[in-house]
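Reader: I would like to understand how words such as "buried" or "paired" are justified when someone describes a protein model. Could you take me through the reasoning, term by term?

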Amino acid sequence: MNVLQEKLMELRRKAFENVESAEDLKNLQDLRVRFLGKKGPITEILKGMGKLSKEERPVIGQLANDVRNAIGNIIDTKKAELEQKLLEKELENEKIDVTLPGRKIRTGSHHLLASVIREVEDLFIGLGFSVAEGPEVEEDYYNFEALNLPKDHPARDMQDSFYITDEILMRTHTSPMQARTLEAHKGKGPVKIICPGKVYRRDTDDATHSHQFMQIEGLCVDKHIRLSDLKGVLTVFAKHIFGEDREIRLRPSFFPFTEPSVEMDISCFRCGGHGCAVCKGTGWIEILGAGMVHPNVLRMSGFDPSVYTGFAFGMGPERIAMLKYGIEDIRHFYTDDIRFLNQFRRA
Ligand code: FA5
């Protein structure tokens, strides 16, 4: 073996030894540069091949290439080994303890009033009604006049109003949707809608009154609609919302847009009608106002009252929710206290 061969074999041995004990990737990269780099000993030998004899050249050339490849291979193998170790270490550090209890994800839910409105909507949709919505900023004409309440009618005082101009106000009830819907049907029935929405009155806020609250209006106009149809629909409604055992009673009342007008009471769902704090000892709870659509209302909105009749009702979902869930103050609905709302997440 000549000097060059010995040198190459020595390089191979040294490289293997160093690679074997390399501790990290940086260390290994340094070794690659040191042994195989452009200025490294093997490159130097290969560059000097021209100076060798014809016989030596292929032998040394072959050996130099073999040594270079062998060192390259062992570095690659070691590199893979170090990378694997690094990965294992990282995984070890990032280990997830699947037995730890999870963090609760807080989800939103419907507001109690939205739930009550949906419940009522679902029921009436099932009875063939459709849901309509109308403007909260309303014309005096639809809010009052078209509902048989001309300008100086004393019954306008029943609902203290927020006027914006002489002719525009915040609607005081959802009944204007009766006139708007009838008008849109151009004198042709049937009309069957319910209309939920916000309404506004100059009432002083207290436990049972708010200056802004919700109403759900109902209107059914067709040929041969009678008071008994109203009673039937309201009975279904009362049983659906307050329980199968509920009975209803209709008491005479007055609304300018219905004739006859009634107030509907339900038998108390707390005491079953014997008398308790909820029904103030009477056995009955007042729920809504209703009646047969006044002929003037039909006429003013383009319906012939000698052909068509109908019923209408209006209820306050706050009142329904307060009764059903024993809520004592209407202001809880509007102050968005999460502790209050969370109690009704599945209501
Ligand atoms: C009306 O508003 C009529 N438009 C209802 C109606 C419709 C009658 C169709 C006939 C035919 P009333 O003013 O009674 O009626 O109000 C209806 C409901 O709204 C009441 O039963 C009550 O639940 C609710 N309500 C009235 N004023 C307030 C208030 N200030 N705060 C909260 N709820 C109220």
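Author: What follows is a set of questions about terms and the values behind them.

Author: This is a predicted model, in which local features need pLDDT of at least 70 and side-chain atom pairs count only at pLDDT 80 or more, while totals for chains, interfaces and linings use all residues. Residues are numbered from 1 along each chain as its sequence is written, and side-chain values use heavy atoms, with hydrogens and water left out.

Reader: Why is His294 called buried or exposed?

Author: The term buried means under 20% relative accessible area, exposed means over 50%, and partly exposed lies in between, with a 1.4 Å probe and protein chains only. His294 has 16% relative accessibility, and therefore it counts as buried. His294 lies in the loop between strand 8 and helix 9 (295-300), where helices (H or I, at least four residues) and strands (E, at least two) are DSSP runs numbered from the N terminus.

Reader: Why is His224 placed in the buried or the exposed class?

Author: His224 has a relative accessible area of 68%, so it is exposed. The place of His224 is in the loop between strand 5 and helix 8 (227-242).

Reader: What does His224 touch?

Author: Contact means heavy atoms within 4.5 Å, and, not counting residues up to four places away in sequence, His224 touches Asp229 and Thr309. His224 and Gly189 are 35 residues apart in sequence, and their C-alpha atoms are 11 Å apart in space.

Reader: Which residue makes a polar contact with the side chain of His294, and how do you know that the term applies?

Author: A polar contact is a pair of N or O atoms within 3.5 Å; within protein, one must be able to donate a hydrogen and the other to accept it, and residues adjacent in sequence count only if both atoms are side-chain atoms. The side chains of His294 and Asn148 make such a contact at 3.4 Å. The residues that His294 touches, with residues up to four places away in sequence not counted, include Asn148, Pro256 and Phe257.

Reader: Why is Ser161 called buried or exposed, and what does Ser161 touch?

Author: Ser161 counts as buried because its relative accessibility is 10%. Ser161 lies in the loop between helix 6 (140-143) and strand 3 (168-170), and, leaving aside residues up to four places away in sequence, it touches Phe144, Leu169, Thr172 and Arg202.

Reader: How do you know that helix 2 has close to the expected reach?

Author: The expected span of a helix is 1.5 Å times one less than its number of residues. Helix 2 (residues 25-36) has twelve residues and reaches 16 Å from its first C-alpha to its last, which is close to the 16 Å expected.

Reader: Which residues of helix 2 are buried, and what puts them on the same side?

Author: The buried residues of helix 2 are Leu28, Leu31 and Phe35. They cover an arc of only 55° around the axis, and therefore they are on the same side of helix 2; the arc is that of the directions from the helix axis to the C-beta atoms. The buried residues of helix 2 pack against helix 1 (3-21), helix 3 (41-47) and helix 4 (56-93), whereas Lys26 and Val33, on the other side of helix 2, are exposed.

Reader: What makes strand 8 largely enclosed, and how does strand 8 pair with strand 9?

Author: Strand 8 is largely enclosed by the rest of the structure because eight of its ten residues are buried. Two strands pair if DSSP finds at least two bridges between them, and strand 8 (residues 284-293) and strand 9 pair in the antiparallel sense over five bridges. In strand 9, Phe311 is the bridge partner of Met292. Strand 7 (residues 258-267) also pairs with strand 8 in the antiparallel sense, over eight bridges.

Reader: In what order do the strands form the open sheet, and which are called edge strands?

Author: Seven strands form the open sheet in the order 1-4-5-9-8-7-6, and the pairing is mixed. The edge strands are strand 1 (130-131) and strand 6 (248-255), since each pairs on one side only.
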